[in-house]
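Me: Please take a close look at one part of this model, the pocket and the charged pairs around it, and describe it in a connected way.

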Amino acid sequence: MPLLRIRLRLPDRPGSLGTVARTLGAAGADIVQVVVLERSGGRAVDDITVSWPKGASLDVLCDALVSVRGVEVDGVWQTHEAPGVFSDVEVVGQIAANPPNGVVALVEAVPKIFGGDWAAMLNQDGLVVHASWQAPDPLTLPVVPVSGARAFTGVDGIRYAFVPVGRSRQTLLLARVAAPPFHQTELERLIQLATAAEAVLGVGSSVIGRPVP
């Protein structure tokens, strides 16, 4: 069955998540994983990954969730991997085992980890060093921030996360279509992954500094 990721805002109190779980089950969804993104002011933001029957209406799912008192649905989008199936540690291990393909391993992994649609590494001139296999061809890049890691929305409505890769003057761009913006928790995790990858490859490494054949 297809995997969906659902971002919910719900009361941060005992029993709330259990009620959501029962509601999802009654609607026909099977929970694969729950990730808590934020807890603040008596509210929580959760990403719930579920398997959902192919062809079943998403309206049924959303209507069931919003019927739960205090629950708000920020977005529902399709994902190709369950969180945790392809872990950050595994990616860093792959990079360490095969440094010449380090950029490729990182760029191909991040869409799976973060429920994104595609990713690309850009050089200091904003040109593509490597794009993941899911990226559109030709690839039209958004106007990216001048500096600093951040999440933003392109003029076409695509959600982006943008992370400079240490002192190599390259940047990692991750895109998600028809989904909520990247949460600060996701952005911080992406920063940590990029930092770990560069630490393994070495600052100033030619692997980061030039296009991969």
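Reply: What follows describes the pocket and then the salt bridges.

This is a predicted model, in which local features need pLDDT of at least 70 and side-chain atom pairs count only at pLDDT 80 or more, while totals for chains, interfaces and linings use all residues. Residues are numbered from 1 along each chain as its sequence is written, and side-chain values use heavy atoms, with hydrogens and water left out.

The largest pocket (on a 1 Å grid over the protein atoms alone, an open set of points where a 1.4 Å probe fits, with protein on both sides within 12 Å along at least five of seven lines) has a volume of about 170 Å³, a volume being the space filled by probe spheres set on the points, which are joined across faces, edges and corners. Eleven residues line the largest pocket, and R5, V35, L37, E186 and R189 are the closest to its centre, where a lining residue has an atom within 4 Å of a point. The strand β2 (30-40) and the helices α4 (102-114) and α5 (184-201) each supply at least two residues of this lining; helices (H or I, at least four residues) and strands (E, at least two) are DSSP runs, numbered from the N terminus. By class, the lining has six nonpolar, one polar and four charged residues, with Ala, Val, Leu, Ile, Met, Phe, Trp, Tyr, Cys and Pro counted as nonpolar, Asp, Glu, Lys and Arg as charged, and the others, Gly among them, as polar.

Two of the residues named at the centre also take part in salt bridges, defined by a side-chain nitrogen of Lys or Arg within 4 Å of a carboxyl oxygen of Asp or Glu. R189 pairs with D88, with the closest N and O atoms 2.5 Å apart; this pair links distant parts of the chain, R189 being in helix α5 and D88 in helix α3 (residues 88-97), 101 residues apart. R189 is partly exposed, at a relative accessible area of 30%, whereas D88 counts as buried at 18%, given that buried means under 20%, exposed over 50% and partly exposed in between (1.4 Å probe, protein chains only). E186, for its part, is linked with R7, D47 and R176 in a network of salt bridges.

Strand β2 has a charged pair as well: R39 forms a salt bridge with D12, at 3.4 Å between the closest N and O atoms. Because D12 lies in the loop between β1 (3-11) and α1 (16-27) and R39 in strand β2, the pair ties together parts that are 27 residues apart in sequence.
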